[in-house]
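Here are my notes for your reading of this model. Please keep the structure open and go through the points in order.

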Amino acid sequence: MVLDSLTSSELVFPQLDCSDRSSVLRTLARQVAEKGYVGDADELFDRLLEREQLGSTGVGSGVAIPHCKMNGLDRVVLAIGSTQQGIDFAAIDGVPVRLFFLVVSPSSAPAAHLQCLAAISKWVKVEDHVACLLDLTDPEEVVDRLRKED
């Protein structure tokens with residue numbers, strides 16, 4: 001799965017002004033809804049929060065992959081956000097999170113959902129990928145980097 005095919009520059013939000021897990025999820029949900037990818041920001045936020053309550057999506061190394069499934073989508077949507085300061089996301093390694101890959105998938109496409117999560121997990125394990133994205137502030141450059149590094 002090619003990550004840049006799941007996102008666009010309008011779904012990249014560098015330098016989010018958030019101070020905790022809830023505000024990150026709410027901000028990303030609002031942004032994704034405002035861009036027209038989901039119909040209801042509050043529903044998306046609620047689904048993401050429900051998923052976090054099952055266990056943190058902080059996968060380590062300063063990365064979290066908040067995710068959920070929703071009805072009414074025709075494809076997987078990937079939004080990417082970053083923060084200047086680390087956010088306590090109860091990550092598996094205890095490291096504060098600065099890079100967020102938000103995945104929203106159609107309820108009817110569980111395989112695509114899992115493929116996307118696996119592709120992100122594989123991508124972030126490559127040395128310097130995370131640091132490089134954190135250095136970028138232009139959404140187009142973020143998408144270009146995903147394209148080049150996939």
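**Notes on the predicted model**

1. Helix 2 has four buried residues: Leu44, Phe45, Leu48 and Glu52. Around the helix axis they cover an arc of only 100°, so they sit on the same side of helix 2. Keep in mind that this is a predicted model.

2. The other side of helix 2 carries Gln53 and Leu54, which are exposed. As for the buried residues of this helix, what covers them includes helix 1, strand 4 and strand 6.

3. Does the length of helix 2 agree with its number of residues, or disagree? Its 14 residues should span 20 Å at 1.5 Å a residue, and the end C-alpha atoms are 20 Å apart, so the two agree. At the start of helix 2, the backbone nitrogen of Asp42 has a side-chain oxygen of Asp40 within 2.9 Å.

4. The largest nonpolar core holds 27 residues. Those that touch the most other members are Val38, Leu44, Phe89, Phe100 and Val104. Two or more residues of this core come from each of strand 1 (12-16), helix 1 (21-34), helix 2 (41-54), strand 4 (67-70), strand 5 and strand 6. Which element gives the most? Helix 1 does, with 6 residues. Leu44 appears here again: it is one of the buried residues of helix 2 and also among the core members with the most partners.

5. Phe100 deserves a look in the viewer. Setting aside neighbours within four places in sequence, Phe100 is in contact with Val24, Leu28, Ala64, Ala79, Ile80, Gly81, Ser82, Thr83, Ile87 and Phe89. Phe89 is, like Phe100, listed among the core residues that touch the most other members.

6. Apart from the largest nonpolar core lies another core, of 24 residues. Its members include Leu3, Leu6, Val103 and Val142.

7. Two residues have a positive phi although neither is a glycine. For Ala90, phi is near 55°. Ala90 is placed in the loop between strand 5 (77-87) and strand 6 (97-106). Its relative accessibility is 44%, so Ala90 counts as partly exposed.

8. For Asp128, phi is about 75°. This residue is found in the loop between helix 3 (110-124) and helix 4 (129-135). Is Asp128 buried or exposed? Its relative accessibility is 53%, and a residue is called exposed when the value is over 50%, so Asp128 counts as exposed.

How values were computed. Residues are numbered from 1 along each chain as its sequence is written. This is a predicted model: local features need pLDDT of at least 70, side-chain atom pairs count only at pLDDT 80 or more; totals for chains, interfaces and linings use all residues. Side-chain values use heavy atoms; hydrogens and water are left out. Buried means under 20% relative accessible area, exposed over 50%, partly exposed in between (1.4 Å probe, protein chains only). A nonpolar core is a set of buried Ala, Val, Leu, Ile, Met, Phe, Trp, Tyr and Cys residues joined through side-chain atoms within 4.5 Å. Contact means heavy atoms within 4.5 Å. The expected span of a helix is 1.5 Å times one less than its number of residues. The arc is that of the directions from the helix axis to the C-beta atoms. A polar contact is a pair of N or O atoms within 3.5 Å; within protein, one must be able to donate a hydrogen and the other to accept it, and residues adjacent in sequence count only if both atoms are side-chain atoms.
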